[in-house]
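User: Could you take a close look at one helix in this protein for me, along with what sits around it? I work at the bench, so please spell out any cut-offs as you go.

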Amino acid sequence: MGLLIDGTWHDQWYTSENGEFVREHAQYRNWVTADGQPGLSGDGGFAAESGRYHLFVSLACPWAHRTLIFRLLKDLEKHIGVTVVDPKMLKHGWTFSEVSQDNPIANIQYLYQLYIHVKPDYTGRVTVPVLWDKQRNMIVSNESSEIIRMFNSAFDAITGNDLDFYPEVLRNEIDAINEVVYRDFNNGVYRAGFATEQSAYEKAYNQVFARLDKIDNILSKCRYLAGDQLTEADWRLFTTLIRFDSVYYSHFKLNKQRIEDYPNLSNYLRALYQMPGIASTTNFGHIKTHYYYSHSMINPTRIVPKGPEIDYTRPHNRG
Ligand SMILES: N[C@@H](CCC(=O)N[C@@H](CS)C(=O)NCC(=O)O)C(=O)O
């Protein structure tokens with residue numbers, strides 16, 4: 001695990017402020033749009049086209065998982081290729097274990113090489129997901145929350161799929177849910193797991209479980225987070241929920257209770273998992289191997305636990 005400083009790779013763990021993990025902002029923020037006009041940030045010139053864009057993901061990563069789910073839900077699999085990195089993120093960071101024919105750049109072994117291909121003096125962390133433009137040979141975006149918005153609508157004319165997970169009328173509500181779910185849960189689990197001081201860990205732990213209690217309560221009254229309709233907010237929650245009992249509960253010391261122990265959340269999680277295709281985007285082998293093996297600072301023996309044995313395909317009560 002490491003980062004690039006002026007284009008040179010350094011193998012180094014996260015730095016923290018008062019024992020608190022602080023996530024770096026993504027640096028590539030261009031948008032693919034239907035007609036190539038600029039999006040909410042960055043430059044224009046990234047028109048939606050079949051076969052032009054490629055995703056680099058880790059199947060372990062909850063942020064990358066969002067993009068795979070949207071690629072599936074929006075019928076983009078034929079139009080956007082994928083390269084999956086090795087689950088073990090070791091001293092060179094994310095690594096390509098096999099040479100994939102789909103990989104748009106020949107002969108690269110490490111994800112950081114893609115970052116310096118675009119910007120030889122890049123400084124920052126090298127993260128997945130990455131949305132790559134094969135035509136212009138550059139990174140469009142490395143921010144998952146924006147990649148899923150692009151996937152939600154930019155390619156609709158190509159795919160004919162106009163399912164909308166960010167509908168105009170629910171946008172304010174979805175944005176408000178995303179903000180607190182990101183702060184307390186999606187990123188909260190990392191703030192607990194990567195804390196290097198007791199107080200930072202306990203603060204994050206309390207936030208995680210307070211948020212889970214609130215969400216479980218919402219789900220006792222509503223089918224989905226924003227009401228009756230399945231939205232982006234649910235998928236953003238899902239990718240952290242599905243990793244919780246296998247990894248965050250033990251590896252990140254979030255052991256107050258499991259998602260399985262929440263009456264509404266556990267059923268909701270199974271309902272989402274059982275939606276067509278979603279199980280195929282979820283790889284518990286990569287998830288467990290990545291966290292337990294790569295974070296030797298947290299788990300120096302690198303032993304990957306065998307359990308838990310949870311059957312996410314068993315029935316749920318969510319209609
Ligand atoms: N803001 C980014 C965060 C992505 C991110 O942090 N990905 C993790 C994997 S789960 C990563 O690649 N970490 C490598 C590192 O920080 O060195 C997004 O949501 O796309």
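Analyst: Happy to help; here is a walk along helix H1, its surroundings and the fold that holds it.

A word on the ground rules: this is a predicted model, in which local features need pLDDT of at least 70 and side-chain atom pairs count only at pLDDT 80 or more, while totals for chains, interfaces and linings use all residues. Residues are numbered from 1 along each chain as its sequence is written.

Helices (H or I, at least four residues) and strands (E, at least two) are DSSP runs, numbered from the N terminus. H1 covers residues 62-73, 12 residues in total, and reaches 16 Å from its first C-alpha to its last. That is close to the expected 16 Å, where the expected span is 1.5 Å times one less than the number of residues.

H1 is mostly covered, with 11 of its 12 residues buried. Here, a residue is buried if 20 or more other C-beta atoms lie within 10 Å of its own, exposed if 12 or fewer, and partly exposed in between, with C-beta atoms placed from the backbone. Among the buried residues of H1 are Trp63, His65, Arg66 and Phe70. Their cover includes strand S5 (53-57) and the helices H3 (144-153), H5 (171-186) and H8 (232-248). After H1 comes Asp75, with a positive phi near 55°.

Now for the loop between S5 and H1, where Cys61 is placed. Cys61 counts as buried because it has 25 C-beta neighbours inside 10 Å. An unreviewed UniProt entry lists Cys61 and Tyr190 under "active site"; such annotations may be inferred rather than shown by experiment. The two span 130 residues in sequence, yet no two of their C-alpha atoms are more than 11.7 Å apart, so they gather at one spot. Tyr190 lies in helix H6 (residues 188-193) and, with 17 C-beta neighbours inside 10 Å, counts as partly exposed.

The ligand brings us back to H1. It is surrounded by 15 residues, the closest being Cys61, Trp63, Arg125, Thr127 and Ser144; a residue counts as near if its C-beta atom, placed from the backbone, lies within 6 Å. This shell divides into seven nonpolar, six polar and two charged residues.

Stepping back, the protein has 10 helices and nine strands. Of its 319 residues, 41% count as buried. Its C-alpha trace spans about 50 × 45 × 35 Å along the principal axes.

Conventions. Nonpolar A, V, L, I, M, F, W, Y, C, P; charged D, E, K, R; others polar. Contact = placed C-beta atoms within 7 Å.
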